[in-house]
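Work through the exercises below with the sequence and the 3D view side by side. Try each task before reading its solution.

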Amino acid sequence: MTEVKRTATEPRRRPKQERSRERIDAILSTTMRLIGEKGIDAVTMKEVGMLAGGPIATVYHYFPNKSAILAMLYERFSEVSRARLTAIIADIREAKDVITAADRLLDDYLSRVAGDPAIQDLQNAIQADKALKNLDIAETRHQARMFCDHVITLLGPEKREQFERMVLLIFQLAGGVVRLALAEGEAESRRTIEDYRSIIHTQLGLFFND
């Protein structure tokens with residue numbers, strides 16, 4: 001039988017029983033708390049196992065390494081992001097609603113990341129790890145596609161391909177802009193976000209202000 005090759009960011013096994021789900025939830029919540037307290041680099045698998053209520057072997061039972069834990073934390077963050085995206089774009093009824101939805105998405109993402117140091121550190125770690133960064137790019141493409149699928153009927157067929165490319169860029173650049181803003185002082189941070197918001201308005205306006 002051919003063995004399925006796993007990537008470094010995949011869990012060893014997905015939980016099927018309630019007890020296993022509870023163990024993974026404990027590992028993930030403990031890791032996230034430690035990240036917020038001391039940063040990702042200082043978090044070890046051994047410490048996670050001890051504080052999650054079990055031996056390190058329990059952690060390795062589910063995750064081959066720390067990157068795999070981070071990947072699942074990112075997966076959970078992405079699940080919430082998709083749900084919030086779905087709720088926001090549900091209010092789009094006509095062209096004028098598109099820019100309003102884009103503003104809400106930017107503000108929501110900024111609020112979530114700025115309000116939790118652990119998420120900030122997780123986002124930075126994602127960009128530093130090639131495998132995790134590839135997960136991030138794939139997720140960005142997925143969420144950009146969700147946005148486009150919801151609003152594409154408001155555009156003529158001749159504009160749709162260009163619009164899809166532009167939306168992907170807006171979504172991809174948002175993470176870098178927010179990371180930059182959070183590294184700046186308060187006044188400069190506000191200017192960075194508003195400058196990016198202006199760029200978004202201008203680009204969307206090319207499609208919806210005719």
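The exercises go from the whole chain to single helices and then to one residue, and they concern a predicted model.

**Exercise 1. Describe the chain as a whole, beginning with its secondary structure.**

Solution. Start by counting the elements: the chain has 9 helices and 0 strands, and reading along the sequence gives the pattern α-α-α-α-α-α-α-α-α. Next consider the extent of the chain, whose C-alpha atoms fill a box of roughly 60 × 50 × 30 Å when it is taken along the principal axes. Then turn to burial, where 44% of the 210 residues count as buried. Finally look at the contacts between residues at least 6 apart in sequence, of which 69% join residues at least 24 apart.

**Exercise 2. Work out what span helix α8 should have at 1.5 Å a residue, and compare it with the distance between its end C-alpha atoms.**

Solution. Helix α8 covers residues 157-183, which is 27 residues. The expected span is 1.5 Å times one less than the number of residues, so α8 should span 39 Å, and the 41 Å between its end C-alpha atoms agrees with this. When following the helix in the view, note also that α8 bends by about 30° at Ala-174.

**Exercise 3. Find which residues of α8 are buried, and which helices they pack against.**

Solution. The buried residues of α8 include Phe-163, Met-166, Val-167, Ile-170 and Phe-171, and Ala-174, where the helix bends, is also one of the buried residues. Further along, Gly-175, Val-177, Val-178 and Ala-181 are among them as well. The buried residues of α8 pack against α5 (96-114), α7 and α9 (186-208).

**Exercise 4. Determine how helices α6 and α7 are arranged and which residues join them.**

Solution. First take the axes: those of α6 (residues 117-128) and α7 (residues 130-151) come within 5 Å and cross at roughly 110°. Angles of 65 to 115 degrees count as roughly perpendicular, and therefore α6 is roughly perpendicular to α7. In the contact, Ala-125, Ile-126, Gln-127 and Ala-128 of α6 meet Lys-130, Leu-132, Lys-133 and Asp-136 of α7. By character, the residues of this contact divide into 4 nonpolar, 1 polar and 3 charged.

**Exercise 5. Decide whether Thr-58 counts as buried or exposed.**

Solution. Locate Thr-58 in helix α3, residues 56-62. Buried means under 20% relative accessible area, so Thr-58, at 18% relative accessibility, counts as buried. Leaving out residues up to four places away in sequence, Thr-58 touches Arg-23 and Ile-27.

Definitions and conventions:
Residues numbered from 1 in each chain as written. Predicted model: local features only at pLDDT ≥ 70, side-chain atom pairs only at ≥ 80, totals over all residues. Heavy atoms only, no water. Axes fitted to C-alpha atoms, helices over the stretch in contact; angles between N-to-C directions. Helix = DSSP H or I, 4+ residues; strand = E, 2+ residues; numbered from the N terminus. Parallel < 35°, antiparallel > 145°, perpendicular 65-115°, else oblique. Contact = heavy atoms within 4.5 Å. Nonpolar A, V, L, I, M, F, W, Y, C, P; charged D, E, K, R; others polar. Buried < 20%, exposed > 50% of the residue type's maximum accessible area, 1.4 Å probe, protein only. Bend = angle between axes of the 7 residues up to and from the residue.
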